[in-house]
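Q: Please take a close look at the aromatic rings in this model. I would like to see how they sit and what surrounds them.

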Amino acid sequence: MSVRIDTRPAAGGRDWVSGAALGAIIVGFGIVSGPIGILAGTATALVGYLFGAPYAFALGHVALAAIAPIGIDPISIVVVEAAFVAVLLAPLRRTTNPITLVGVALASTLVIAGIAWLVVDSQSTALAALTILGCLAIAAYALHRLEVVRLGLVPADDGRNRSTADESIPEPVGTDTQRQTEDD
């Protein structure tokens with residue numbers, strides 16, 4: 001079975017773009033809360049370097065909530081979130097078509113933000129949070145299904161796993177009605 005994957009595997013931020021983005025996390029956390037922020041930013045960057053961007057994103061937001069429990073000013077949150085976006089977008093450099101991925105990411109973000117804005121405007125915050133979680137769950141399932149189909153792991157009608165790239169299995173040439181018409 002021949003399956004083409006459009007990205008190179010990468011465990012973590014081991015190129016200069018990812019390293020610069022992880023450095024921006026340290027600076028952003030330092031802007032938010034000084035020396036303790038630099039310590040939290042360093043821990044986040046280390047996790048990002050060792051395990052990858054999603055882990056840095058998760059740990060970083062938990063650390064951000066811990067170092068600023070009463071909230072932070074809007075300028076600081078923009079700086080920190082811009083650094084997080086840079087960490088998440090740094091691996092795009094290793095893909096064959098980064099423009100498509102950026103377009104999908106921006107469109108998804110706008111759709112989810114629009115849904116959140118509509119729900120928060122008319123409903124409670126708890127309902128808005130549940131709506132966003134539902135949207136994210138649907139998006140995660142759709143991405144999972146896309147991956148399964150793209151890798152050719154969907155079973156065919158006869159129950160066998162068959163890849164769309166596998167051309168060794170012949171398709172039927174004609175149907176019974178065509179044979180009957182030829183006989184007449």
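A: The answer below starts with the ground rules, goes through the rings, and then turns to the helices around them.

This is a predicted model, in which local features need pLDDT of at least 70, side-chain atom pairs count only at pLDDT 80 or more, and totals for chains, interfaces and linings use all residues. Residues are numbered from 1 along each chain as its sequence is written, and side-chain values use heavy atoms, with hydrogens and water left out.

First, the setting. The protein chain has 6 helices and 0 strands. Helices (H or I, at least four residues) and strands (E, at least two) are DSSP runs, numbered from the N terminus. Along the sequence the pattern is α-α-α-α-α-α. Of its 184 residues, 22% count as buried. Buried means under 20% relative accessible area, exposed means over 50%, and partly exposed lies in between (1.4 Å probe, protein chains only).

Now the rings. A search of the whole structure finds 3 aromatic pairs. Among them is Phe29 with Phe84: the ring centres are 6.1 Å apart and the planes stand at 80°, so this pair is edge-to-face. It joins distant parts of the chain, with Phe29 in helix α1 (residues 16–51), Phe84 in helix α3 (residues 74–89), and the two positions 55 residues apart. The rule is as follows: rings of Phe, Tyr and Trp (its six-membered ring) pair if their centres lie within 6.5 Å, and planes under 30 degrees apart count as stacked, over 60 as edge-to-face and the rest as tilted.

Phe29 is buried, at a relative accessible area of 0%. Phe84 is buried too, at 1%.

Phe84 has another partner. Phe57 and Phe84 form an edge-to-face pair, 5.5 Å centre to centre, with 80° between the planes. This pair also links distant parts of the chain: Phe57 lies in helix α2 (residues 53–67), Phe84 in helix α3, 27 residues apart. Phe57 counts as partly exposed, at 32% relative accessibility. Ring pairs thus link Phe29, Phe57 and Phe84 into a cluster.

Next, the helices that carry these rings. Take α1 and α3. They pack at an angle of about 150°, with axes 7 Å apart. Axes are lines fitted to C-alpha atoms, for helices over the stretch in contact, and angles run from 0 to 180 degrees between N-to-C directions. The two helices are therefore roughly antiparallel. Angles under 35 degrees count as roughly parallel, over 145 as roughly antiparallel, 65 to 115 as roughly perpendicular and the rest as oblique. The crossing of α1 and α3 is left-handed. A crossing is left-handed if the near helix is turned anticlockwise from the far one by less than a right angle, and right-handed if clockwise.

Phe29 and Phe84 both take part in the contact between α1 and α3. The α1 side also includes Ala21, Ile25, Gly28 and Val32, and the α3 side includes Ser76, Val79, Ala83 and Val87. Contact means heavy atoms within 4.5 Å.

Now α2 and α3. They pack at about 165°, with axes 9 Å apart. They are therefore roughly antiparallel as well. Their crossing is right-handed. Phe57 and Phe84 sit in this interface too: Ala53, Ala56, Phe57, Gly60, His61 and Leu64 in α2 meet Ile77, Val80, Glu81, Phe84, Val87 and Leu88 in α3.

Two further residues fill in the surroundings. Gly71 lies in the loop between α2 and α3. At 47% relative accessibility, Gly71 is partly exposed. Gly71 and Val32 are 39 residues apart in sequence and 10.0 Å apart in space, C-alpha to C-alpha. Ala45 belongs to helix α1. Ala45 is buried, at 9% relative accessibility. Ala45 and Ile25 stand 20 residues apart in sequence, with 6.7 Å between their C-alpha atoms. Neighbours within four places in sequence aside, Ala45 is in contact with Leu22 and Ile26.

Finally, the chain as a whole. Among contacts between residues at least 6 apart in sequence, 57% join residues at least 24 apart. The accessible surface comes to about 12800 Å², of which 69% belongs to carbon and sulfur atoms. Accessible areas come from the Shrake-Rupley method with a 1.4 Å probe, and for residues only the protein chains shown count as cover.
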